[in-house]
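Here is a friendly walk through one chain. Keep the viewer open and follow along.

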Amino acid sequence: MKNVSRRNFMALAAGAAAGAAAPKGNAQQHPAEHHMSKPMEEAAPLPLQANEEHFVPEITLEAKWKIMTIDGHKVKVRAYNDTIPGPLIKTKAGKTLNIRVKNLLTPYDSKDWGGDMNVPHLLDHTNLHLHGLDVAPHIFEPLGTCDVTAAMISIAPGEYKDYPFVIPPDQSPGLNWYHPHAHGSTAVQAVSGMAGGLVILGAIDEVPEIKAAKDHYLVLQDIGLFKTDEPHADYSESYEPKQNAIWQTFAKNSSESVTIDGQPTKPPQSCGFTTGDYHLRYYMVNGNPYFREEHSFETPTSPKAKQLTPPVFKMRPGEVARFRMLNGCSDLMMPIQVEGHTMYLLAMDGNNFDHPWPKEYVNNASQVVLAPANRAEFLIKASEKPGKYQILQLAQNAQFLEAPQKTIAVIEVEGEPTDMKIPHDLPPITRDAPIRPDEIVRKRKFIFSGRFPGEKNPVVGIDFMINNQLYDEFAVPTTVYLNTCEEWTIEVPDSARGGTEGHPFHIHVNDFEIVSVAGIEPPHRLIQDTIWVAQDTATVIRMRFKEWTGKSVFHCHILPHEDTGMMQNFLILPEHPKHHHQRTIESLGEKNG
Ligand SMILES: [Cu+2]
């Protein structure tokens, strides 16, 4: 709580430094007091952040409310630049990508929030994460800071922030993405629509067989909604917890909700903070709903499911097309299958293989598993047999809520046959050289577990922990050193020891190489930034901390888990202390000499 006070104090200090009429406050103030502005009014004219000299934004991302119609429902969502998903950013390795993030969300009432950072809060504050790029740490202020006490970047309504992202020249070409990462509001903002694709163009695009193929992006998102509490709203659903209510998944009816202090809300609220369940949820592909889930009070963990009309991709028999799929969903793990077709996997998480990796079609088996945040890029050579073939998310039971099968899109094969080719070789990627066992300087283990009912987080009601800890913005339990390699084991225990469901592990700054999943070595070299860790299994990864130093994070990419505690800081320091030690001896020697 003290830390959060400090964070708000720092936010106030930053406002004052900008030299305008920022709300007055001090560290003794109630942490949330300066956010008591009435909700749903126009953003107060707070000072904009002082511009960095010579900063010319290449792209400006404006976070703003948007009213749109989904499946006949008029809903209010949060969006970047008024589009869902946000604009697809195309850039290249070796460039500096200047992004300005403008927060045009309205001030939001967080007055009942007691200051516990692992209770969702400050839904109107935001920041930006470029997910999958090997860029400098950019979650804490200032960018790339090694100060362990540095606060997380928090852009208030009416403010903006400039991000000069320096993309390394050896960044692999492929699909990455961006989304908000302000602890406490990440889940609400991302599951309201704030996410978009970011593609690095490069050598793989020039492979003749790939260049000849149509390039289809499949940006998958979920939109979590509740009935609005606004009396005169011109929309029926939104995700805007009033009175800081907690959504009761196991409630007997929709009027049962409690405040973050555990008291019944007066009047009853129809929406509230959630750890993954919603009154109404849409699964979207490129901004169009393909599946609907409605909460059921009778069977709370099995929402009423309905397939909607998926988009259709037309292909000629024998045509090759490139598909790039991003799982930008807040919590759903997706086993993917393309009906009747071999999937030629080109890349995972924006890192391509040396050759396309053919994944044969087998009935009821996935060809690739996309944890939340994973990307898969693949080629499909359309069947000689005309017809409709579904791109499916197969049913899985690895999570808290039931995950029935969904049709994401349909490939319709028709027309004049052709005979396009699958390439044999792909341009080798260079940034992540293989890590030899003798390079490993340290091995660590991180256990991702849950506890219900929550003891450390009674407000949320569940503890989502890493090594039995909830997130602490100002604690740095792990320090690593530049140009060293480490081997980490990520474990989700069995159900007797807190393994309630699988968790996707994600780390910022450097990608990792997968050594083994549940004891099995992958048949191909896999470089990823996110990996699904199933209940009662361990995944072993190796990382080289390259180029960038600073305070950063790793976490579960189920966003409600992350927001309520399943995250830890780590620090990349420039040199190993051994070097300091040697230098000390040398300087003493000089002194004595
Ligand atoms: Cu999790």
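What share of the contacts in the chain with a separation of 6 or more comes from residues 24 or more positions apart? The answer is 77%. Please keep in mind that this is a predicted model.

**Overall picture**

The chain holds 35 strands and five helices. Of its 593 residues, 50% count as buried. Confidence comes next: the average pLDDT of the chain is 87, and 86% of the residues score at least 70. Two stretches have a pLDDT below 50. One is residues 1-48, which in the model still has 72 contacts beyond near neighbours in sequence. The other is residues 581-593, for which the model shows zero contacts beyond near neighbours in sequence.

**The nonpolar core**

The largest nonpolar core is made up of 144 residues. Those with the most contacts inside this core are L218, L220, M325, F378, I380 and I408. To see one of them in its surroundings, centre the view on I380. Leaving aside residues up to four places away in sequence, I380 touches A321, F323, V338, H341, M343 and I411.

**A five-stranded sheet**

V338 leads us on to a sheet, since strand β18 covers residues 334-338. Five strands make up this open sheet, in the order β16-β24-β23-β18-β21, with mixed pairing. Which strands stand at the edges? They are β16 (312-315) and β21 (368-370); each has a single partner strand, so one side of each is left without a neighbour in the sheet. On average, neighbouring strands here are turned by 25 degrees against each other, direction ignored.

Inside the sheet, β18 and β23 (residues 387-393) run antiparallel and are joined by three bridges. Within this pairing, Q337 stands opposite L392, and V338 faces I391. V338 thus links two parts of this tour, as one of the residues that I380 touches. On to the next pair: β23 is joined by seven bridges to β24 (residues 406-413), again in an antiparallel arrangement. Here K388 of β23 stands opposite E412 in β24.

**Backbone details in the loops**

Most residues other than glycine have a negative phi, and most peptide bonds are trans. Against that background, four places in the loops deserve a look.

| Site | Feature | Value | Loop |
|---|---|---|---|
| I84 and P85 | cis peptide bond | omega about -5 degrees | P85: between β2 (73-80) and β3 (86-92) |
| F452 and P453 | cis peptide bond | omega about 0 degrees | P453: between β25 (440-451) and β26 (463-466) |
| N81 | positive phi | phi about 50 degrees | between β2 and β3 |
| L122 | positive phi | phi about 45 degrees | between β4 (96-103) and β5 (129-131) |

The loop between β2 and β3 appears twice in the table, with P85 and with N81. Neither N81 nor L122 is a glycine, although each has a positive phi.

Are N81 and L122 buried or exposed? N81 counts as partly exposed, because it has 16 C-beta neighbours inside 10 Å, and the cut-off for buried is 20 or more. L122 has 24 such neighbours inside 10 Å and therefore counts as buried.

Notes:
Residues are numbered from 1 along each chain as its sequence is written. This is a predicted model: local features need pLDDT of at least 70, side-chain atom pairs count only at pLDDT 80 or more; totals for chains, interfaces and linings use all residues. Helices (H or I, at least four residues) and strands (E, at least two) are DSSP runs, numbered from the N terminus. A residue is buried if 20 or more other C-beta atoms lie within 10 Å of its own, exposed if 12 or fewer, and partly exposed in between; C-beta atoms are placed from the backbone. Two residues are in contact if their C-beta atoms, placed from the backbone, lie within 7 Å. A nonpolar core is a set of buried Ala, Val, Leu, Ile, Met, Phe, Trp, Tyr and Cys residues joined through C-beta atoms within 7 Å. Two strands pair if DSSP finds at least two bridges between them. Axes are lines fitted to C-alpha atoms, for helices over the stretch in contact, and angles run from 0 to 180 degrees between N-to-C directions. pLDDT is the predictor's confidence in each residue, from 0 to 100.
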